[in-house]
Amino acid sequence: MPDARRFTEWQGPVPMYRGGELPSVTIAYETWGELRGRGDNALLLFTGLSPSAHAASSAADPSPGWWEYMIGPGKPIDTERFFVISINSLGSCFGSTGPASIDPASGQPYRLDFPKLSVEDIAAAARGACQALGIDHVHTVAGASLGGMDALAYAVMYPGTYRDVISISAAAQATPFAIALRSIQREAVRADPAWAGGHYAPGQGPKDGMRVARQLGILTYRSAPEWLQRFDRERIEGSDASPDPFAMAFQVQSYMDANARKFADSFDANCYLYLSQAMDLFDLAEHGDGSLESAIRKVDARRALVAGVTTDWLFPLWQQRQVAELLEHAGATVSYHELDSIQGHDAFLVDSDRFAPMVAAFLAGMPEA
C-alpha cells in the first residue's frame, strides 16, 4: 500500500513531562510543499486523538487524508506557499513511539510500561522532529481538538520558534464534563476481559470494549440535531423479524456499530487509553504556577486564529472564548469565530463551507468577513 510517512528518530534518554523517560523516540510525519530557508514557510500541524499523519493526499500516497479539503495547491493551507508537516502524535499507533511500540529493553511492546503521556510530550516530540528537519522557526503552529491543545502547549513551551497560532475546537484545560466522558470510554476498554491488564497480543485486544468506547466517542463528536437530520427514526429493514429482542432496530445504531468496529480493528487499545488520558491531564495553568493568565504570557504569537462550533458540547464555545481572550492578553492579534455548524465537534473535519474560507483568509493575512 502507498505510504508517504517519513520518520525521524533520536536517542535518549528522553524525559517525559510527568516523569519517566524513553530510551529513544521515533516520530512519523508527512510533508507537503517545499521548505524554504530554516522553516519560515513551515506550518506545523498537530492531529486529533485518532488520525495518523496522513492529513492530505500526495504523489507518495494518493488516498484522501483527514483534512483533504484544507491542504494542497490552491487550498486554504496552500502547499504552493507553505511547507506543511503533519505530526503523528507521540503515543499513537501509526508509526510514532507509543505503548504498542517495541521496548528495546525487553523486545516486547511497552504496553503499560510506557511512561504517563502528556500533551506536553506530544509538543516536545514535534519540536524534536522540526529540529531534526533543520526547522528553527515555523510560520504557523496549528491543530484542532487534541491537536489544538498540542498547538497551545507548543506556543507556551517554545516561544520564539513560531509566528502565528491556529487553535480550533480546543481548550486550555480539560473540563470535568469532558474528563468524565473520556473516563467512561477508558473504563469500557479496561473492563473488557480481552484487555488482559494491557497485556494482550499485538493485533488483538479488547475489541468489544473499544467498540463501546468509540460509540460513546462518536456521540460526543457530533450533535443531536445532526443525528435527527441524518437518521431521524429510520428503521433497519427486517429488524422486526430478528429472534434477538435487543437486535439493532434503527439506522443510527447500524451507523454507530459499523464506525466503531472499523476503529476497533485499526487502533491499538493501549494507545487509545494513553492519548485519552493525556487530554484529561492537560492544564495550561501548570505552566504558570496554577494561573492560565501567567502561563499564556509566555506565548509570543503575532496573530492567532481561534474558532469553535455552536453545537460542540465536548469543547464548548466558552472554552474557545477563553482561549481567544487569553491569547489577546498575551499580545496576539486574535481572529475569533463562532461557527454555526450542525456537525458538532467534528465539524472541522467535514464542514468545509465554514472552515475553509476562515482558514484561507487568516493565512492570507486578510480580514475575515
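In this predicted model, Asp 150 is buried and yet forms no salt bridge, for the nearest side chain of opposite charge, that of Arg 18, lies 11 Å away. A salt bridge would require a side-chain nitrogen of Lys or Arg within 4 Å of a carboxyl oxygen of Asp or Glu. Leaving aside residues up to four places away in sequence, Asp 150 touches Phe 46, Thr 47, Ser 89, Val 119, Ile 122 and Ala 123.

Asp 150 belongs to helix 2, and the strands that this helix links come next. Strand 9 (residues 138–144) pairs with strand 10 (residues 162–168) in the parallel sense, over six bridges, with Ala 142 standing opposite Ile 166 of strand 10. Between strand 9 and strand 10 the chain passes through helix 2 (residues 146–157), in a β-α-β crossover that is right-handed.

Strand 9 also runs parallel to strand 3 (residues 42–46), to which four bridges join it, and here Leu 43 stands opposite Thr 140 of strand 9. Because seven of the seven residues of strand 9 are buried, this strand is largely enclosed by the rest of the structure.

Further along the chain, helix 4 (residues 207–221) has 15 residues, which at 1.5 Å a residue should span 21 Å, and the 20 Å between its end C-alpha atoms agrees with that expectation. The buried residues of helix 4 include Gly 209, Met 210, Ala 213, Gly 217 and Tyr 221, and among them are also Arg 211 and Arg 214. The buried residues of helix 4 pack against helix 3 (176–191), helix 5 (224–231), helix 6 (251–266) and helix 7 (269–281).

Note on methods
Residues numbered from 1 in each chain as written. Predicted model: local features only at pLDDT ≥ 70, side-chain atom pairs only at ≥ 80, totals over all residues. Heavy atoms only, no water. Helix = DSSP H or I, 4+ residues; strand = E, 2+ residues; numbered from the N terminus. Expected span 1.5 Å × (residues − 1). Buried < 20%, exposed > 50% of the residue type's maximum accessible area, 1.4 Å probe, protein only. Contact = heavy atoms within 4.5 Å. Pairing = 2+ DSSP bridges. Right-handed = clockwise from strand over helix to strand, strands pointing away. Lys, Arg positive; Asp, Glu negative; His and termini not counted.
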